[in-house]
Amino acid sequence: MKIAIAGGTGLVGKALTNILIKQGHEVYVLTRNISNNNSSPKLTYVSWLNSGDCPEESLKDVDAFINLAGESINSGRWTKKRKERIKNSRIQATNEVIRIITALPIKPKVLINASAIGFYGTSYSETFTEDCVTPGHDFLASTVKDWEKTARKAEAIGVRTVLARFGIILDKNEGALPKLLIPYKLFAGGNLGSGEQWMSWIHIDDVVQGLNYCLQTNTIEGPVNFVSPQPLKMKEFGQTLGRVLKRPHWFSTPALPIKLALGEMSLLILEGQKVLPTKLHDYHFLFPTLEKALKNILQNET
């Protein structure tokens with residue numbers, strides 16, 4: 001297949017690109033900076049979102065489009081301007097993807113658009129599946145709702161559209177896990193807040209293989225929850241992390257100082273949602289349990 005990936009230089013994009021190339025696919029990575037080193041004849045960098053760019057000229061016969069583009073939500077305090085950038089970067093990139101697809105004489109068979117389980121809002125008691133259609137009421141839920149609405153424009157031009165709602169992605173070097181590891185390595189790990197908030201997580205390898213599964217499975221469309229089938233409460237997550245690292249789980253950090261330090265962004269840590277991947281019921285998870293996932297990721301850390 002010929003596959004275009006917007007946001008292909010991020011955590012998920014890099015891992016996905018590597019796997020697709022190993023499988024023999026041709027990958028076109030849309031990027032603002034095409035000075036990236038091209039290490040494979042199967043990989044082509046295509047300039048986009050710069051003045052005068054016409055990426056559609058290089059994508060005339062792509063079979064699939066994957067959009068992972070958008071500013072990181074966890075790399076700084078959520079000021080008013082930053083929230084605007086987080087939301088606008090996603091809407092702008094997705095609108096450009098729709099424009100490109102519309103301009104192509106032969107449409108790709110599928111668009112997989114990144115999304116997030118933040119769509120559901122936060123809850124200590126509810127369980128969310130793809131059948132839950134009412135979004136939450138916070139900033140993330142509002143952002144995801146508008147993001148997905150933009151992506152669904154592809155459906156009107158006959159393109160199968162998958163909305164990949166990512167949970168907390170576990171990776172050794174990027175994302176949330178390296179930050180969560182720090183107190184445990186200092187023998188100071190413990191609950192953040194009450195510990196009763198849900199953590200709907202997924203191993204990076206299952207993200208990549210799950211996306212590949214959605215590429216190949218023509219019956220999958222609409223929202224798809226990219227989370228492990230076994231979510232845990234934060235206290236159970238921390239206990240498992242401590243056990244794998246052979247470190248204690250005993251200190252607790254109250255919610256108030258976290259809220260003071262992070263502001264509205266603290267909801268990423270202090271609040272959560274229990275989400276299940278019902279549309280991936282036929283996908284075989286490589287790492288269905290947290291202990292197995294952490295042992296794989298942290299095998300050289302203990």
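**Exercise 1.** Is lysine 246 buried or exposed?

*Solution.* The model is predicted, with local features requiring pLDDT of at least 70, side-chain atom pairs counting only at pLDDT 80 or more, and totals for chains, interfaces and linings using all residues. Residues are numbered from 1 along each chain as its sequence is written, and side-chain values use heavy atoms, leaving out hydrogens and water.

Step 1. Take the cut-offs: buried is under 20% relative accessible area, exposed is over 50%, and partly exposed is in between (1.4 Å probe, protein chains only).
Step 2. Lysine 246 has 64% relative accessibility, so lysine 246 counts as exposed.
Step 3. Place the residue: lysine 246 is in the loop between α6 (234-245) and α7 (255-262). Helices (H or I, at least four residues) and strands (E, at least two) are DSSP runs, numbered from the N terminus.
Step 4. Check the backbone: lysine 246 is not a glycine, yet its phi is positive, about 60°. Most residues other than glycine have a negative phi.

**Exercise 2.** Describe the surroundings of aspartate 138.

*Solution.* Step 1. Aspartate 138 sits in the loop between β6 (127-128) and α3 (139-151).
Step 2. Aspartate 138 is buried and has no salt bridge; lysine 83, the nearest side chain of opposite charge, is 9.6 Å away. A salt bridge is a side-chain nitrogen of Lys or Arg within 4 Å of a carboxyl oxygen of Asp or Glu. For charge, Lys and Arg count as positive and Asp and Glu as negative, while His and the chain ends are not counted.
Step 3. Look for backbone partners of the side chain. A polar atom of the aspartate 138 side chain lies 2.9 Å from the backbone nitrogen of alanine 141, and one lies 3.2 Å from the backbone nitrogen of leucine 140.
Step 4. Not counting residues up to four places away in sequence, aspartate 138 touches Gly118, Gly121 and Thr122; contact means heavy atoms within 4.5 Å.

**Exercise 3.** Which residues have the most contacts inside the largest nonpolar core?

*Solution.* Step 1. A nonpolar core is a set of buried Ala, Val, Leu, Ile, Met, Phe, Trp, Tyr and Cys residues joined through side-chain atoms within 4.5 Å.
Step 2. The largest such core has 42 residues, and Ile112, Phe166 and Leu211 have the most contacts inside it. Helix α5 (residues 204-216) gives the most to this core, six residues.
Step 3. Leaving aside neighbours within four places in sequence, the contacts of leucine 211 include Val12, Ile112, Phe166 and Phe226.
Step 4. Turn to the strands. β7 (residues 160-166) pairs with β11 in the parallel sense over five bridges; pairing requires that DSSP finds at least two bridges between two strands. Phenylalanine 166 stands opposite phenylalanine 226 in β11. Five of the five residues of β11 (residues 222-226) are buried.

**Exercise 4.** Locate the salt bridge between glutamate 56 and arginine 99.

*Solution.* Step 1. The two side chains meet at 2.8 Å, N to O.
Step 2. Glutamate 56 is in the loop between β3 and β4 and arginine 99 in helix α2 (residues 80-103), so the pair ties together parts 43 residues apart in sequence.
Step 3. Glutamate 56 is buried, with a relative accessible area of 16%, whereas arginine 99 is partly exposed, at 33%.
Step 4. A network of salt bridges links Glu56, Glu96 and Arg99. The structure holds 15 salt bridges.

How values were computed
Polar contact = N/O pair within 3.5 Å; in protein donor to acceptor, adjacent residues only side chain to side chain.
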